[in-house]
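Me: Please take a close look at one part of this model for me, then work outward from there. Keep it chatty, but spell out your cut-offs.

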Amino acid sequence: MINYDLLKAECEKIGVDLGEFGADRFDTYAERLVRWNEHVNLTAITDPDEIVIKHFIDSLYANKYVNFKPGESLIDVGTGAGFPGLPILIANPELEVNFLDSSQKRIGFIKDVLNNMGLIAKRTHERAEDLGRDLDFREQYDYATARAVAPLNVLCEYCLPFVKVGGLFVSLKGSNGMQELENARHAIEVLGGEVAKAEEYELPNGDGRCIVIIRKVSQTPTKYPRKPKKIDSKPL
């Protein structure tokens, strides 16, 4: 379905090694995404080349800036159709990944794709603000990832509680990411983080993007994350 040459060329540019099975797994992912999208609202992007650029390569930019190691743990918060967590897992199949989403249908899609790709990962159907208070999940992960789920100051409250001290929250944002970062600096500090890196870049089609990497330097205060109404009405 997808253009293998396009995928491999763009991966090479950002230093991503697809290994023996990576390209085939991305092809399977794209095929399942388009098929499921016929009856479950997963994405507005269904053109094969756009899937490669706007979903796969966009997600894999995390690999350019983060050195994921085998056996490390990652939770993909508000995973939706699996971005950025599934592309990261395809490129780093020895990561221990948990896909978190509040929609059972989207979690069902993730299960289907994993089965068809021959990859193993956990899937959790729950709201991030509830799971982030659960001691089995709170501050248990080396990484939390999220892509365009909410404004960064809100996203930090959803994601930083999952990250262990010394770990990273990796946020993939759009062209306004630097402005979101400025608005989120108070939230980052309150929740126990500090900005490790923030960089703007362009996708191969010219779309502007920004990656914000936040290091967890101290434990998140126990009152966070708050209830959804509080997060929405009084964001940090």
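Reply: Start with glycine 193, whose bridge partner in E7 is lysine 216. This is a predicted model, so local features need pLDDT of at least 70 and side-chain atom pairs count only at pLDDT 80 or more, while totals for chains, interfaces and linings use all residues. Residues are numbered from 1 along each chain as its sequence is written, and side-chain values use heavy atoms, with hydrogens and water left out. As for the labels, helices (H or I, at least four residues) and strands (E, at least two) are DSSP runs, numbered from the N terminus.

That Gly193–Lys216 bridge belongs to the pairing of E6 with E7, which is antiparallel and spans nine bridges; strands pair if DSSP finds at least two bridges between them. Look at the hairpin these two strands make: five residues sit between them, and glycine 206 has a positive phi near 95°. E7 also pairs with E5, again in the antiparallel sense, over six bridges. Here valine 170 has isoleucine 213 of E7 as its bridge partner. Seven of the nine residues of E7 are buried (under 20% relative accessible area with a 1.4 Å probe, protein chains only), so E7 is largely enclosed by the rest of the structure.

Now step back to the whole sheet. Seven strands make it up, in the order E3-E2-E1-E4-E5-E7-E6; the sheet is open and its pairing mixed. E3 (122-125) and E6 (193-202) are the edge strands, each with a single partner strand, so one side of each has no neighbour in the sheet. On average, neighbouring strands are turned by 15° against each other, direction ignored.

At the E3 end, the pairing is parallel. Four bridges join E2 to E3, and asparagine 98 finds its partner in lysine 122 of E3. H3 packs on the sheet, touching E4 (141-147), E5 (163-173), E6 and E7 (208-216), where contact means heavy atoms within 4.5 Å. The direction of H3 makes about 130° with that of E6; angles run from 0 to 180 degrees between N-to-C directions, and axes are lines fitted to C-alpha atoms, for helices over the stretch in contact. H5 (residues 104-117) packs on the sheet too, touching E2 and E3, and its direction makes about 170° with that of E3.

E2 (residues 96-101) has five of its six residues buried, so this strand is largely enclosed by the rest of the structure. Its other neighbour is E1 (residues 73-77), running parallel to E2 and joined to it by five bridges, with leucine 74 partnered by valine 97 of E2.

Back to H3 (residues 48-65), which has helix company as well. H2 (residues 22-36) packs against H3 at an angle of about 125°, with the axes 12 Å apart. That makes H2 oblique to H3 (under 35 degrees is roughly parallel, over 145 roughly antiparallel, 65 to 115 roughly perpendicular, the rest oblique). Phe26, Tyr29, Ala30, Leu33 and Val34 of H2 meet Ile51, His55, Phe56 and Leu60 of H3. By class, that contact has eight nonpolar, one polar and no charged residues; Ala, Val, Leu, Ile, Met, Phe, Trp, Tyr, Cys and Pro count as nonpolar, Asp, Glu, Lys and Arg as charged, and the others, Gly among them, as polar.

Isoleucine 51 of that contact is worth a zoom: it is in H3 and buried, with a relative accessible area of 0%. Neighbours within four places in sequence aside, isoleucine 51 contacts Met1, Ala30, Leu33, Val34, Ile45, Thr46 and Phe56.

H1 (residues 4-13) also packs against H3, at an angle of about 25° with the axes 10 Å apart. That makes H1 roughly parallel to H3. Leu6, Leu7, Glu10 and Cys11 of H1 make the contact with Asp49, Val52, Ile53, Ile57 and Leu60 of H3. This time the tally is seven nonpolar, no polar and two charged residues.

A few backbone oddities to finish. Most residues other than glycine have a negative phi, and most peptide bonds are trans. Glutamate 139, though, has a positive phi near 55°; it lies in the loop between H6 (128-131) and E4 and is buried at 16% relative accessible area. Phenylalanine 83 and proline 84 are joined by a cis peptide bond with omega about 5°, and proline 84 is in the loop between E1 and H4 (85-91). The bond from tyrosine 224 to proline 225 is cis as well, with omega near 0°, and proline 225 lies between E7 and H9 (228-233), in the loop.

How values were computed. Buried means under 20% relative accessible area, exposed over 50%, partly exposed in between (1.4 Å probe, protein chains only).
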